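Thanks for coming. I will take the cysteines to begin with, then the strands, a pocket, an aromatic pair and two backbone angles.

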Amino acid sequence: MLLENKVAVVTGGSRGIGYATVEAFMKEGAKVVLCASRQETADAAVGKLKEAYPDAAVEGIWPDLSDYNAVKTAFDKVVEKYGRIDILVNNAGVSESTPFADYTAEKFEKVMDLNVKGVFNCSRAASEYMVAAGSGVILNTSSMVSQYGQPAGIAYPTSKFAVNGFTLSLARELGPKGVRVNAVAPGITYTDMMRSVPKEVIEPMIAQIPLRRMGQPEDIASAFVFLASDMASYISGEVLHVDGLARS
């Protein structure tokens, strides 16, 4: 098993890519703590996972990721129970598509609070334990829009550009202390959000992908497993694009 006895925290772990990552980590032997926005969603996800994997270790927490003290308190409890945090996956995020003319400062700040400040808060809290241990892995969810932008909803690509810069800079700072930092940039992925998109909208998007399919959450989760494992022990400061596209 690639992650046997590792302790992992996965934010946004109750559905979509986060849930698939939690499940993939469990299959590889990790003890996983998933973060959700509410207790009921955390409990529902944990209950489903325990039913499928009764012998695996998984539990849920629901701190406000935009509040550093709330995150620190929750992570302290994880360390009290398991002794350490080996892997952090900063996956929680929000996307939206408001036209720029309709943007408010409050809407912009809401996206940035979770997508950027949440990544900072969780990384800041987890890195203390990792630096003390002399090892650890921080993984961030970026997006293909961090490279291409998108036609509306300016806060989301802005936040993912920020995640990329955060990833590269933190990798340089924490590398000498034994901590690797990388990001995964998913492309169009079949999550709950995409299920509501009309077929006539999705099909032209798929036609632009050389592999002629959307990604599945498991495709992204596999990238997280690889980067979290010792197979990627000499990889840091990378933004791995998992989007089915061909690049020159």
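How many disulfides does the count come to? The count is zero disulfides. Keep in mind throughout that this is a predicted model.

The cysteines to look at here are Cys35 and Cys122. For Cys35, the closest cysteine sulfur is the one in Cys122, at 6.0 Å, and that is too far for a bond. Going the other way, the sulfur of Cys122 has Cys35 as its closest cysteine partner, again at 6.0 Å. A disulfide needs the two sulfur atoms within 2.5 Å, so this pair does not count as one. Cys35 is buried at 2% relative accessible area, and Cys122 is buried at 0%.

Now the strands. Start with E4, residues 87-90. Is E4 covered or open on its two faces? Both faces are covered. Ile87 and Val89 lie on one side, Leu88 and Asn90 lie on the other, and these residues are all buried.

E4 has strand partners. Strand E1, residues 7-10, runs parallel to E4 and is joined to it by three bridges. Within that pairing, Val9 has Leu88 of E4 as its bridge partner. E4 also pairs with E5 in the parallel sense, over four bridges. There, Asn90 is matched with Asn140 in E5.

E5 covers residues 136-141, and it leads us on to E6: the two pair in the parallel sense over six bridges. One bridge to pick out on screen is Ile138 with Val181 of E6. E6 in turn pairs with E7, residues 239-242, over four bridges, also in the parallel sense. Ala185 stands opposite His241 in E7.

How many residues of E6 are buried? Eight of the eight residues in E6, which spans 179-186, are buried. Val179, Val181, Ala183 and Ala185 point one way. Arg180, Asn182, Val184 and Pro186 point the other way. Note that Arg180 is among the buried residues.

Arg180 comes up again in the second largest pocket, where it is one of the lining residues. That pocket has a volume of about 210 Å³. Its lining also includes Lys6, Asp86, Ile87, Ser135, Gly136 and Val137. Further along the chain, Gly178, Ala228, Asp230 and Ser233 belong to the lining too. By class, the lining has three nonpolar, four polar and four charged residues. Ile87 we have already met, as a buried residue of E4.

Next, aromatics. The count comes to one aromatic pair. Tyr103 and Phe108 form that pair, with 6.3 Å centre to centre and 70° between the planes. Planes over 60 degrees apart count as edge-to-face, so that is the label this pair gets. Tyr103 is buried, at 14% relative accessibility, while Phe108 is partly exposed, at 28%.

Last, the backbone. Most residues other than glycine have a negative phi. Which residues have a positive value without being glycine? Asn5 has a phi near 65°, and Arg212 has one of about 60°. Asn5 is in the segment before E1, and it is partly exposed at 42% relative accessible area. Arg212 sits in the loop between helix H8, 199-207, and helix H9, 217-228. With 53% relative accessible area, Arg212 is exposed.

That is all I have.

Terms used
Residues are numbered from 1 along each chain as its sequence is written. This is a predicted model: local features need pLDDT of at least 70, side-chain atom pairs count only at pLDDT 80 or more; totals for chains, interfaces and linings use all residues. Side-chain values use heavy atoms; hydrogens and water are left out. Rings of Phe, Tyr and Trp (its six-membered ring) pair if their centres lie within 6.5 Å; planes under 30 degrees apart count as stacked, over 60 as edge-to-face and the rest as tilted. Buried means under 20% relative accessible area, exposed over 50%, partly exposed in between (1.4 Å probe, protein chains only). On a 1 Å grid over the protein atoms alone, a cavity is a set of points where a 1.4 Å probe fits but cannot get out, and a pocket is an open set with protein on both sides within 12 Å along at least five of seven lines; lining residues have an atom within 4 Å of a point. Grid points are joined across faces, edges and corners, and a volume is the space filled by probe spheres set on the points. Ala, Val, Leu, Ile, Met, Phe, Trp, Tyr, Cys and Pro count as nonpolar, Asp, Glu, Lys and Arg as charged, and the others, Gly among them, as polar. Two strands pair if DSSP finds at least two bridges between them.
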